[in-house]
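This note is offered to a colleague who is opening the structure for the first time. The points below are set out residue by residue and may be followed alongside the display.

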Amino acid sequence: MPSTHEPKIISGNANRTLGNAIARRLSMHRGMSIDLCDARVERFNDGEIFVEVYENVRGEDMFIVQPTSNPANDNLMELLIITDALRRSSAGRITAVIPYFGYARQDRRTKARTPITAKLVANMLVEAGIERVLTLDLHATQIQGFFDIPVDNLYASPVFALDIKHNFKEGLEDIMIVSPDVGGVARARELAKRIEAPLSIVDKRREKAGEVAEMTVIGNVAGKKCIIVDDLVDTAGTLCKAAELLMEHGAAEVHAYISHGVLSGPAVERVTNSKLSSLVITDSIEAGDAVKACKNIRIVPTAPLFAQAIINTWNGTSVSSLFEDKTLVPLYEGVYHP
């Protein structure tokens, strides 16, 4: 049991906005002011990262909020160095809250002489002293098996279901959930089941990584409001092509619900000029100015979800209860009114 009566939150520089939002939600839950742990994370002139924690953390239950998003290497090193600083300061337990787990796409060997970098990252986190990981929508759920410590993989689909029911309540019967590839069918089926909607698949064939040679639609999408569901959007090329293909097959509208808005390179421009009526992402990755200014990108908060998961982890209660509507709806009542 920690030496104080509250969990302690510390944030790196990758997404301090989310770190502050989680601390605010914890304050609402606990009925007292919970601020981010007083610390500084800075860089020397040559890029070396330096961390100093100003508060006593001996015996405390520490939660580090740090997605390993772009720049992935810098943010990963920040996480490792913060962990080392806490471990050497005798923290009781260290949990890494990684809303977006970078390198997750490298979860297997696709060719000879290639790495499995997701496993390497898992090894680094464990060696640094992390005792538990709390994350959101891993690219592949088997990554949990790369760790020899507990990993709680939260899902965005229950939150997306609330958002869809709130924003499409006048026409839920016209919704069609679409998986952008065969590999994402399980994720799309989960959301379709939650809102009682039919499922369609966009089957794509790649000649090489990042380039789609051919796409076909499996299922009748004519007259439907199609919602594409995936775990991440990077350059948005495939997503925008899928939206265009669905419209060509008679879809009334095309929307997308994506857990992690990586949105690198020309992604924002592509989304702006695409057939997508809206792209909904979470705040697992801190949005840049271009993303915030894009007229058809909308961001849903994850702070209520992560704050409750932190409380449940801290006091030893169920984290999987957050997958159920009866638990989740009260957490988001300030966001989605009945």
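1. The model under review is predicted. A suitable starting place is Lys-8, which touches Glu-55, Asn-56, Glu-60, Asp-61, Met-62 and Phe-63 when residues up to four places away in sequence are not counted. Lys-8 itself is located in strand E1, which spans residues 8–11.

2. One of these neighbours deserves separate mention. The side chains of Lys-8 and Glu-55 are joined by a polar contact of 3.1 Å.

3. Is Lys-8 buried or exposed? Its relative accessibility is 18%, and because buried means under 20%, Lys-8 counts as buried.

4. The backbone at Pro-71 should also be inspected. The peptide bond leading from Asn-70 to Pro-71 is cis, and its omega is near 0 degrees. Pro-71 is placed in the loop between strand E4 (61–65) and helix H2 (72–88).

5. Tyr-103 is found in the loop that runs between strand E5 (93–98) and helix H3 (117–128). Although Tyr-103 is a residue other than glycine, its phi is positive, near 70 degrees. With a relative accessible area of 27%, Tyr-103 is partly exposed.

6. Arg-113 also belongs to the loop between E5 and H3. Arg-113 is not a glycine, yet it has a positive phi of about 60 degrees. How does Arg-113 stand with respect to solvent: which class, buried or exposed, applies at 77% relative accessibility? Since exposed means over 50%, Arg-113 counts as exposed at that value.

How values were computed: Residues are numbered from 1 along each chain as its sequence is written. This is a predicted model: local features need pLDDT of at least 70, side-chain atom pairs count only at pLDDT 80 or more; totals for chains, interfaces and linings use all residues. Side-chain values use heavy atoms; hydrogens and water are left out. Helices (H or I, at least four residues) and strands (E, at least two) are DSSP runs, numbered from the N terminus. Buried means under 20% relative accessible area, exposed over 50%, partly exposed in between (1.4 Å probe, protein chains only). A polar contact is a pair of N or O atoms within 3.5 Å; within protein, one must be able to donate a hydrogen and the other to accept it, and residues adjacent in sequence count only if both atoms are side-chain atoms. Contact means heavy atoms within 4.5 Å.
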